[in-house]
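User: Please take a close look at one part of this model, the second largest pocket, and describe the elements that surround it. I would like a connected account that I can follow alongside the coordinates.

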Amino acid sequence: MSGIYIHIPFCKQACHYCDFHFSTSLKNKEAMLGAIQQELIQRSDDFKKDVIETIYFGGGTPSLLSQQEIDALLEVVYSYFEVVKTPEITLEANPDDLNSETIKELAQSKVNRLSIGVQSFFEADLKMMNRAHNAKEAKTCLQEASKYFDNITVDLIYGIPGLTEERWLENMETVFSLGINHISCYALTVEEKTALASFIKKKIYPPLDEELALKHFNMLVSEAKEKGFVHYEISNFGKPNYFSKHNTSYWKGERYLGVGPSAHSYYDQKRFWNVANNAKYIKALESGESYFEMENLSIYDRFNESVMIGLRTIYGVDLQKIKKDFGQEFYNYLLKHTDVFIKDAILEIKTDILKTTEKGKFLADGIASQLFFIKD
């Protein structure tokens, strides 16, 4: 099974923490959608033998598109790719774009999963992050969306300066009380060249507190488990049967196509990435020029990625698969370098599956980087 990611590179305004590719100008929207359709058609030849199980509208803010524009993109997908009978089709949305009318329209479309970027239910946090919605809109849209969609995920951010444990608990409880079946929670991070990085450097905002983020993470793990959620990836919690099929396909190393400016693809042991510039992307598709770069992933790249992704998920790293896919040398290397982490009860091996323990979950990325096989 394979998936398609469609990057919609437009937002109403720039969030202070975001380093994704987007534009706040919609003047080239029609040309952009035409270029994305053209890319879908061009790249479909590489997926002739694939069956598409998931389609994901990400961004940017895909909920800025009209229903007709979303339908037009899906029509191209269905015309040029083989799609399963009931694919998971996700639309990322901001609360300020979801009123009762737009939600009803979406419910009548092929979209069957919403990913709603709430981040917080407190005005101070939303203003600090420069979000386009307010707390009331966040709650109202979730209440309305829940009437029409069973499969909803909500994004929350923790580790925000000034976000007390009590307020973080209230954020989580608000989502749980609405019967939401999936949450994605991320620690606030400082990315280079973002407004947040500049504000912290100028001491307008305080620096991030890693201890606070760890407290929030531990609260999240505990509260989600109590409410019946499965912690199946470091940042993702779902009720049984509500895991994100699309994101899970990434973590399992399955083939996927990413279209739109800055989108990434992975197939045939190659990584592709599109130009992260709207004007250049449109021009290239219109003129037949190249719009993406590609690299063949070495055995070291693929091994390191397998370790990193495995440790981030409930599925862990299958040691026998490591031996089969990469050989005895990589298998021995991994076992040798995990010893210290196993002794510290940060990693564990059960039935030939290497996983993080509860103690090690928050440290998964750092642990993985220390297990990477670096060629001399």
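**The second largest pocket and its surroundings**

Analyst: In this predicted model, five elements each supply at least two residues of the lining of the second largest pocket: helix H8 (210-226), strand S7 (230-233), helix H11 (299-312), strand S14 (347-350) and strand S15 (353-356). Among these contributors, S7 gives the largest share of the lining, with four residues. The space in the pocket amounts to about 380 Å³. It is lined by 24 residues, and those closest to the centre are His231, Ile314, Thr356, Glu358 and Lys361. By character, the lining divides into 10 nonpolar, six polar and eight charged residues.

The description can begin with S7, the strand that supplies the largest share of the lining. S7 pairs with strand S8 (residues 236-238) in the antiparallel sense, and three bridges connect the two. Together S7 and S8 make a hairpin that has two residues between the strands. His231, one of the residues closest to the centre of the pocket, stands opposite Phe237 of S8 in this pairing.

The other two strands of the lining, S14 and S15, belong to an open sheet of three strands. Its order is S13-S15-S14, and the pairing is antiparallel. Strand S13 (317-318) and S14 occupy the edges, each with a single partner strand, so one side of each has no neighbour in the sheet. As a general point, the strands of a sheet pair through backbone hydrogen bonds, in either a parallel or an antiparallel arrangement.

Within this sheet, S14 and S15 are joined in the antiparallel sense over four bridges. One position of the pairing leads back to the pocket: Leu347 stands opposite Thr356 in S15, and Thr356 is among the residues closest to the pocket centre. S14 and S15 also form a hairpin with two residues between the strands, and there Thr351 takes a positive phi near 45°. On the other side of S15, two bridges join this strand to S13, and S13 and S15 likewise run antiparallel. Val317 has Leu354 in S15 as its bridge partner.

The helices can be followed outward from the lining. In general, two packed helices are described by the angle between their axes and the distance between the axes. H11, which supplies at least two lining residues, has an axis that comes within 12 Å of the axis of H13, and the two cross at roughly 40°. That angle makes H11 oblique to H13. The crossing in which H11 passes H13 is right-handed.

H13 has a further packing partner. Helix H13 (residues 328-343) packs with helix H14 (residues 364-371) at an angle of about 135°, and their axes are 10 Å apart. H13 is therefore oblique to H14. The crossing of H13 and H14 is right-handed.

A second helix pair offers a point of reference elsewhere in the chain. The axes of helix H1 (residues 29-43) and helix H10 (residues 278-287) come within 9 Å and cross at roughly 55°. H1 and H10 are therefore oblique to each other, and their crossing is left-handed.

Two local backbone features complete the account. A cis peptide bond, with omega about 25°, joins Gly59 and Gly60, and Gly60 lies in the loop between strand S2 (51-59) and helix H2 (67-80). Asp268 has a positive phi near 55° although the residue is not glycine. Its place is the loop between strand S10 (264-267) and strand S11 (270-274).

Notes: Residues numbered from 1 in each chain as written. Predicted model: local features only at pLDDT ≥ 70, side-chain atom pairs only at ≥ 80, totals over all residues. Heavy atoms only, no water. 1 Å grid on protein atoms, 1.4 Å probe; cavity = no way out; pocket = protein on both sides within 12 Å on 5 of 7 lines; lining within 4 Å. Points joined across faces, edges and corners; volume = space filled by probe spheres on them. Nonpolar A, V, L, I, M, F, W, Y, C, P; charged D, E, K, R; others polar. Pairing = 2+ DSSP bridges. Axes fitted to C-alpha atoms, helices over the stretch in contact; angles between N-to-C directions. Parallel < 35°, antiparallel > 145°, perpendicular 65-115°, else oblique. Left-handed = near helix turned anticlockwise from the far one by under 90°.
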